[in-house]
Amino acid sequence: MHAYAVGLLKDVVFGPDIVSYLERIDATMKPYRGRFLLHGQAPEVLEGSLPADVVLIEFPDIEHARRWYVSPAYQEILPLRTRNAASVVFLVDALPEGHLATDILR
């Protein structure tokens with residue numbers, strides 16, 4: 001079952017650090033079979049407010065996502081982003097196919 005790394009980023013300073021981060025992140029994801037599904041799109045907010053850009057990276061499962069995030073390659077470039085953007089980042093498992101809203105009532 002797929003898993004996702006989700007990032008909500010705001011106040012990104014597009015200087016040399018962010019450029020370096022962007023140039024290097026793809027290589028950190030490759031061994032863990034990560035791929036961008038969303039990358040920096042400003043969402044069309046229908047309710048409430050979300051003053052952030054959205055990043056969504058898909059992995060084959062939660063273990064691949066965890067291993068990518070803690071990998072030495074990603075940890076090496078992580079400060080390039082955290083010094084230059086306010087962000088919330090989290091991992092989440094996908095739901096099984098056929099999931100219904102009422103399944104959470106069980």
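The following paragraphs lead through a predicted model, from a buried helix face to aromatic pairs, salt bridges, loops and a surface patch.

Helix 3, which spans residues 72–82, is a useful starting point. Its buried residues are Tyr74, Ile77, Leu78, Leu80 and Arg81. These residues lie on the same side of helix 3, because they cover an arc of only 160 degrees around the axis. On the other side of the helix, Pro72 and Glu76 are exposed. The buried residues of helix 3 are covered by several elements, including strand 1 (3–10) and helix 1 (16–29). Helix 2 (62–70) and strand 4 (86–93) also belong to this cover.

Leu78 illustrates the buried side of helix 3. Its relative accessible area is 10%, and Leu78 is therefore classed as buried, the limit being under 20%. Leaving aside residues up to four places away in sequence, Leu78 touches Tyr21 and Tyr69. Val45, by contrast, is 33 residues from Leu78 in sequence and 28 Å from it in space, C-alpha to C-alpha.

The tyrosines that Leu78 touches lead to the aromatic residues. The structure holds five aromatic pairs. In one of them, Tyr21 and Tyr74 meet edge-to-face, with 6.1 Å centre to centre and 65 degrees between the planes. Tyr21 belongs to helix 1 and Tyr74 to helix 3, so this pair ties together parts that are 53 residues apart in sequence. Both partners are buried: Tyr21 has a relative accessibility of 8%, and Tyr74 has one of 2%. Trp68 and Tyr69 form another edge-to-face pair, at 6.1 Å centre to centre and with 70 degrees between the planes. Here the partners differ in exposure, since Trp68 is buried at 3% relative accessibility, whereas Tyr69 is partly exposed at 28%. Ring pairs link Tyr21, Phe59, Trp68, Tyr69 and Tyr74 into a cluster.

Charged side chains provide a second set of links. Side chains of opposite charge can pair when their charged atoms come close. A search of the whole structure finds five salt bridges. One of them joins Asp17 to Arg83, with 3.2 Å between the closest N and O atoms. Asp17 lies in helix 1 and Arg83 in the loop between helix 3 and strand 4, so the pair ties together parts that are 66 residues apart in sequence. Asp17 is partly exposed, at 25% relative accessibility, while Arg83 is exposed, at 55%.

A salt bridge also connects the side chains of Arg35 and Glu58, at 2.9 Å from N to O. This pair links distant parts of the chain, with Arg35 in strand 2 and Glu58 in strand 3 (residues 53–59), 23 residues apart. Glu58 is buried, with a relative accessible area of 11%, whereas Arg35 is partly exposed, with 46%.

The salt bridge between Glu63 and Arg66 lies within a single element. Its closest N and O atoms are 3.6 Å apart. Both residues lie in helix 2, three residues apart, or about one turn of the helix. An α-helix has 3.6 residues a turn, so residues three or four places apart point the same way. Glu63 and Arg66 are each partly exposed, with relative accessibilities of 39% and 44%.

Two loop residues deserve attention for their backbone angles. Most residues other than glycine have a negative phi. Asp11, although not a glycine, has a positive phi of about 55 degrees. Asp11 is found in the loop between strand 1 and helix 1, and its relative accessibility of 59% places it among exposed residues. Arg33, likewise not a glycine, has a positive phi of about 60 degrees. The loop that holds Arg33 runs between helix 1 and strand 2 (35–41). Arg33 is exposed, at 55% relative accessibility.

The last feature is a nonpolar patch on the surface, formed by Val88, Phe90 and Val92. Together these residues have about 230 Å² of accessible area. Phe90 lies in strand 4, an element that also helps to cover the buried residues of helix 3. At 38% relative accessibility, Phe90 counts as partly exposed.

Terms used. Residues are numbered from 1 along each chain as its sequence is written. This is a predicted model: local features need pLDDT of at least 70, side-chain atom pairs count only at pLDDT 80 or more; totals for chains, interfaces and linings use all residues. Side-chain values use heavy atoms; hydrogens and water are left out. Buried means under 20% relative accessible area, exposed over 50%, partly exposed in between (1.4 Å probe, protein chains only). Helices (H or I, at least four residues) and strands (E, at least two) are DSSP runs, numbered from the N terminus. The arc is that of the directions from the helix axis to the C-beta atoms. Contact means heavy atoms within 4.5 Å. Rings of Phe, Tyr and Trp (its six-membered ring) pair if their centres lie within 6.5 Å; planes under 30 degrees apart count as stacked, over 60 as edge-to-face and the rest as tilted. Patches are made of residues with over 30% relative accessible area and no salt bridge: like charges are joined within 9 Å, nonpolar side chains (Val, Leu, Ile, Met, Phe, Trp, Tyr) within 5 Å. Accessible areas come from the Shrake-Rupley method with a 1.4 Å probe; for residues, only the protein chains shown count as cover. A salt bridge is a side-chain nitrogen of Lys or Arg within 4 Å of a carboxyl oxygen of Asp or Glu.
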